[in-house]
2 protein chains.
Amino acid sequence: MRIERLCVERGLKMTGQRRLIARVLSEAVDHPDVEELYRRALALDSRVSIATVYRTVRLLEEKGILERHDFGGGRARYEATDHGHHYHLIDIESGKVIEFSDEQHEALATAIAARLGFRLVGHRLELFGRRQDEEPAPPLRGRVRRAPAKGDAGGGGAA
Amino acid sequence: MRIERLCVERGLKMTGQRRLIARVLSEAVDHPDVEELYRRALALDSRVSIATVYRTVRLLEEKGILERHDFGGGRARYEATDHGHHYHLIDIESGKVIEFSDEQHEALATAIAARLGFRLVGHRLELFGRRQDEEPAPPLRGRVRRAPAKGDAGGGGAA
DNA sequence: GTAATTGCAAATAATTTGCCGTGCA
DNA sequence: TGCACGGCAAATTATTTGCAATTAC
């Protein structure tokens, strides 16, 4: 319910659907897109429309409660801003998103901006990588390795 | 004409419109969106349709000749990949995009990915900043500073 | 009580695509 | 000369919005 609290703090009028969407957001541990948020909300209470989900994420983004990401794939994906500054590494085989943070990078970004004559207001860093085979690998044969794609939010269900 | 050469190298059939679009891309020093590419192409030769521009940038992106960016504002913006790896700093007042590169960051990104068990395949870093007033600033009064927005590509014409 | 919010369906906006004529290799 | 390509307009996809009914404060 962290999100609902934040909404109240910013003086938003709390309707049933806003509370519902806030709850879905509070419970999310991934980076759902609007469709997915809508699906999860519907599962809890059918009295929401997707238009309201769109309106709400937009509002919460403006209020700084949500952050919008573009991880490719055409739809915007959302995440609460309240669990700290971090970056993303996208596994290009599975689409999974891994979060990390790095103070060194933080400092470097600020330094670079300053060097260019700017005060850093925001930044984003996204790494795209392929899982490193940790097994020393059987000398002959080997390889083959396919992941069925589909990211950490989009598809089926499972919260 | 660098782009056209790259197209030929990758075995693309070179039609009149592809040559035209390749030329526009070769001459661009900014990050135009499709509308803008179409406008520039039209100015040189009216026998192109915007559908072809869409098809071509998509093709060139798949071939690794172009890179697509999302700088906010809803439309994808393109840039040739052949002028070296670099990052972008977006001036949030004017929308202007400044390119820079930084070896330290390059290394850091690789190290972070490795630490997480991944081999880095690609990455992007975008800084959003506000121009730092370089003048020591007249002690009294001061401030005011507004830029009319509109980025480094979208708008009017000018190549 | 009143202005903000919602749902619905229609409107946008960016991008893609089917189909058929045309031009490149 | 065949097969990929280009033009056009219609189709998609993601997102926004007008309007009347509803609701929070």
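These legends go with close-up views of a predicted model, covering where chain A meets chain B and where the protein meets DNA strand C.

**View 1. Chain A against chain B.** Start with the whole contact: 33 residues of chain A touch 33 residues of chain B. Putting the two chains together buries about 3,200 Å², and 60% of that comes from carbon and sulfur atoms. Look for Phe118(A), Arg124(A) and Phe128(A), which supply 22% of the area that chain A buries against chain B, more than any other three residues.

**View 2. Polar links across the chain A and chain B interface.** By the rule used here, six salt bridges cross between chain A and chain B. One of them joins the side chains of Arg124(A) and Asp70(B), at 4.0 Å from N to O. Polar contacts between the two chains come to 14 residue pairs, with both partners at pLDDT 80 or more. On the chain A side, strand S3 (87–91), strand S4 (97–100), helix H5 (103–115) and strand S5 (118–131) each bring at least two residues to the face that touches chain B. S5(A) has the largest share of that face, with 14 residues. As for make-up, the chain A face splits into 16 nonpolar, eight polar and nine charged residues.

**View 3. Strand S5 meets strand S5.** Here S5(A) lines up with strand S5 of chain B (residues 118–131), and the two pair in the antiparallel sense over 13 bridges. To get your bearings, pick out His123(A), whose bridge partner in S5(B) is Leu127(B).

**View 4. The protein surface near DNA strand C.** Which residues come nearest to DNA strand C? Of the 18 around it, they are Gln17(A), Arg47(A), Thr52(A), Arg55(A) and Arg75(B), so to speak a mix of both chains. The surface near the strand divides into five nonpolar, five polar and eight charged residues. H4(B) gives the most to this surface, with four residues.

**View 5. Individual contacts with DNA strand C.** What part of DNA strand C makes up most of its atoms within 4 Å of the protein? Sugar or phosphate accounts for 72% of those atoms, and bases for the rest. A polar backbone atom of Arg47(A) sits 2.7 Å from a phosphate oxygen of the strand. From the other chain, a backbone N or O atom of Ala76(B) lies 3.2 Å from a phosphate oxygen. Lys13(A) uses its side chain instead, with a polar atom 3.2 Å from a sugar or linking oxygen. Helix H2 (16–27) and helix H4 (50–62) of chain A, along with helix H4 (50–62) of chain B, are the elements giving two or more residues to this surface.

How values were computed. Residues numbered from 1 in each chain as written. Chains lettered and ligands numbered in written order. Predicted model: local features only at pLDDT ≥ 70, side-chain atom pairs only at ≥ 80, totals over all residues. Heavy atoms only, no water. Contact = heavy atoms within 4.5 Å. Buried area = accessible area lost by both parts, 1.4 Å probe. Polar contact = N/O pair within 3.5 Å; in protein donor to acceptor, adjacent residues only side chain to side chain. Nonpolar A, V, L, I, M, F, W, Y, C, P; charged D, E, K, R; others polar. Pairing = 2+ DSSP bridges. Near = heavy atom within 4 Å.
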